[in-house]
Amino acid sequence: MQWGQIKTLFILSFLILDLFLLQQFLTKTDDTELEQLDENTSAAEQLSLENIDISDIPEEQPPMAFINGRRADFTEEDLKALEAMEGVDPQLDTQNPNSLYVKLKEPIPIGEEDDGEAIMAKAEDYVIYDDQYSYWGKNDEHDVILFFQKSNNSTIYFNESGLLMFLVENGEITGYYQTRLGDIEKESEKSELLQPVQAVYQLYDNGEISSEDKITDMIVGYHSQIQGDSNGIQVFAPTWKITVNNEDIHFVTATTEGRVVEVNENEFITKALQSAGIERTQDVNQAESVQEPESESAQETENNNE
Amino acid sequence: MNFETLKSIILFILIMLSLFLTVALWNYQPNHDRVEDDMGVNTDVGGLEQTMTDIIQPSNIVFHTSTGDYGFKKSQDEALFYQQMQNWTLYNFEPAKNGFPEGEVMSEVVFPTGLPIQTLSSIFTVSEEEQEIGLPAGNFKHIFFIMDESKESITEVRFVSKDGENAIRAQVQATDAFANLISQHQSLENKQALIKYENKNTRIFIPKNEVIMTDHFISVTPLEVEPLLHALFDDVSRVKKSKRSDGTTSFSDYDSEMIIAEDGKSMRLERALFGKGTFLNNYELISESMAMVNNHKGWTDDYYLFDLDTSNHQVSYRMDYDGYPVLSPSRLSEITVQYRQEELYRYKRPLYDIKKVYAQEEDERKIVLDSGESVLEVLENTPSINQEKIQDISIGYRLIPSNPGKQNIFYTLMPAWYVKQNGKWENISEKLETIPLTKGADQDAMGAN
């Protein structure tokens, strides 16, 4: 055979080989993209099999950065601003200026139907940084109204260092307890978030929701499981807040592994009241019930320092 | 340019393209877990990886002879003999009637804690058929090799739980097993007499007569924290460091916090609990915790499995020096791993590595420890000690810093008698009041096990 003919043959065979390789490569790239879509579809299928209504959940969530911050001290200016307000009696522990306990000289009556906006409208003249907190809800067991601090419009859920807690007595706000996170920093790199369907699936997988449930609201905020020392830096992970049937609220970390976070509102309030040093007659029972884990952790620290 | 040259060029391009595509196909990795699989990250804290065979060591080997109970004088001899035993093949497992065998000529291997029966295949050789059938359920702390001298054979191997309530028997298949055991029974010059202490929870053998030991001067080097952070946190770039009001240092992200003691010699990691799950069984507790520590090569000195607390889902590994456990303070001598459901909950460990023996052997002082007999007598006559609550009695070392209250690199390992009650090891040398060297030393606050 001629060299020229051999070359033609080679060109043909390599052409075929290249086409084959190219096709292989493209399928491989597609596969991985499809994988994620697949995961979403199968989770959605599973949920629809159980008749869990997910029609109201957001479709897709763009990447979001983790944030970190530490509890801020209330400064002289803060106090001046407070003192300039009429009708407040601020009590700041100078040893521990990172929490604020304010008594109102004139209690503010609130109505049964008042929502967060209405409550804040009535109370805003007595609160500093009032626009940095968003409404969480009323707790009748402890007679408090909870507001959580926001960062870039995302709420930092259940953090003792970013809390505005109104104390209610006989339907009137008599005072409040406030802590604030300062120096909130955003991580430079954004993280892929767990997609909404997957987050709901995690709830289902953990047995937190069952058939016929409806997801009525779903929004991303921040949460930290580690609250540590009151002056340490805390890291907050993007966290899904998922409302089921307009009543049950669940949290699922929006990190890629997506894990269900257990939050106990009553325990949280009891702890906050304790660290604020606020004693209320109706809390005596609860305070006793949390005594045990408290003393255990105290012992822990002791052990570490032996 | 003629047609042939053009063909050559096309051919060349095609070959290159095929090479390129092949390489691309091989190297294409989906970019899912970008951080965790980062191979360049150093998670090696500088220790070793261990297997279950290494980590499970007996606390005692007792030879029950017609003239009394004996044990090895030197721990090295004991370790050597135990190594021989590990080659013996066990078969024919079946449940047996409970209780400790008495009055027979037998050898007893005692472990520091009750072990799940599955660990047997790591300790001894268990025949493959036997493993396929599956071993009978249970746990054991004592292994008895019961011998019949007239038949020159080991009639039975019996595994008995801590309280004697659970027993399993098996046969041993090894040509030299009987000869080995009986020769140990007969050559008593490297042995010492032992005395038995028994209550309803435990069965202990301690040296009957005075024990001559030495103290040791050691220097330690701190472990690097960085590799540990990489091993224990998902994404180290996210971890924040802060000083706590009690002087400790905290590293935390959103679900884990690692606290390093003020002197930097120990740490405690705690993780938040997510969701629900089943609990690990005892065997999984050992294997999971070992894998976790192996993962960052965390066996920085000699550590042995020491305590398995089923109700708290907790495993402890104790530091060992020269054949004796270091029993206090716990935070400097114990690796503790606790699980909550299937997940790591707490991990406590010392953060140092014994670097070298600081002094020459001749500088070490001879320490004479009380006889076991007098220890038992003192325990009996000490009102603060409830006989029924005694879980263990042992000789162990206490780590004494050369410079109390300061950053230390020099320590003394001081031998002493210890008693374990309510899960805590207590130095009883003050109760014995015969060891002048530790006199006036501060009461040792021991951590919970």
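## Turns, strands and the A–B contact

Asn153(A) lies in the loop between strand S5 (144–151) and strand S6 (154–155) of chain A. Helices (H or I, at least four residues) and strands (E, at least two) are DSSP runs, numbered from the N terminus. This is a predicted model, where local features need pLDDT of at least 70, side-chain atom pairs count only at pLDDT 80 or more, and totals for chains, interfaces and linings use all residues. Residues are numbered from 1 along each chain as its sequence is written, chains are lettered from A and ligands numbered from 1 in the order in which they are written, and side-chain values use heavy atoms, with hydrogens and water left out.

**Backbone outliers.** Most residues other than glycine have a negative phi, and most peptide bonds are trans. Asn153(A) has a positive phi, near 70°. With a relative accessible area of 70%, Asn153(A) is exposed. Buried means under 20% relative accessible area, exposed over 50%, and partly exposed in between (1.4 Å probe, protein chains only). Tyr129(A) has a positive phi too, near 55°. Its loop runs between helix H3 (116–123) and strand S4 (133–139) of chain A. Tyr129(A) counts as partly exposed because its relative accessibility is 24%. In chain B, the peptide bond from Ser328(B) to Pro329(B) is cis, with omega near -10°. Pro329(B) sits in the loop between S19 and S20 of chain B.

**Strand S18 of chain B.** S18(B) covers residues 314–321, and eight of its eight residues are buried. In a regular strand the side chains alternate between the two faces of the sheet. Here both faces are covered. One carries Gln314(B), Ser316(B), Arg318(B) and Asp320(B); the other carries Val315(B), Tyr317(B), Met319(B) and Tyr321(B). Two strands pair if DSSP finds at least two bridges between them. The table lists the pairings of S18(B) with S17(B), S20(B) and S19(B).

| Partner of S18(B) | Sense | Bridges | Opposite residues |
|---|---|---|---|
| S17(B), residues 303–309 | antiparallel | six bridges | Leu305(B) and Tyr317(B) |
| S20(B), residues 334–340 | antiparallel | five bridges | Val337(B) and Val315(B) |
| S19(B), residues 324–328 | antiparallel | two bridges | Tyr324(B) and Tyr321(B) |

S17(B) and S18(B) form a hairpin with four residues between them. His313(B) in that turn has a positive phi of about 55°. S18(B) and S19(B) form a hairpin with two residues between them. There, Asp322(B) has a positive phi of about 55°.

**An open sheet in chain B.** Ten strands form an open sheet with mixed pairing, in the order S5-S3-S8-S7-S6-S4-S1-S2-S9-S10. Strand S5 (125–126) and strand S10 (203–207) stand at the edges with a single partner strand each, so one side of each is left without a neighbour in the sheet. Inside the order, S3(B) (residues 89–95) and S8(B) (residues 167–173) pair antiparallel over five bridges. Pro95(B) has Ile168(B) in S8(B) as its bridge partner.

**The A–B interface.** The contact (heavy atoms within 4.5 Å) takes 51 residues from chain A and 53 residues from chain B. The buried area is about 4600 Å², and carbon and sulfur atoms give 54% of it. Buried area is the accessible area (1.4 Å probe) that two parts lose on being put together, summed over both. The rule finds three salt bridges across the interface. A salt bridge puts a side-chain nitrogen of Lys or Arg within 4 Å of a carboxyl oxygen of Asp or Glu. One of them joins Glu4(B) and Lys7(A), at 3.5 Å, N to O. On the side of chain A that touches chain B, helix H1 (3–49) is among the elements supplying at least two residues. H1(A) gives the most, with 18 residues.
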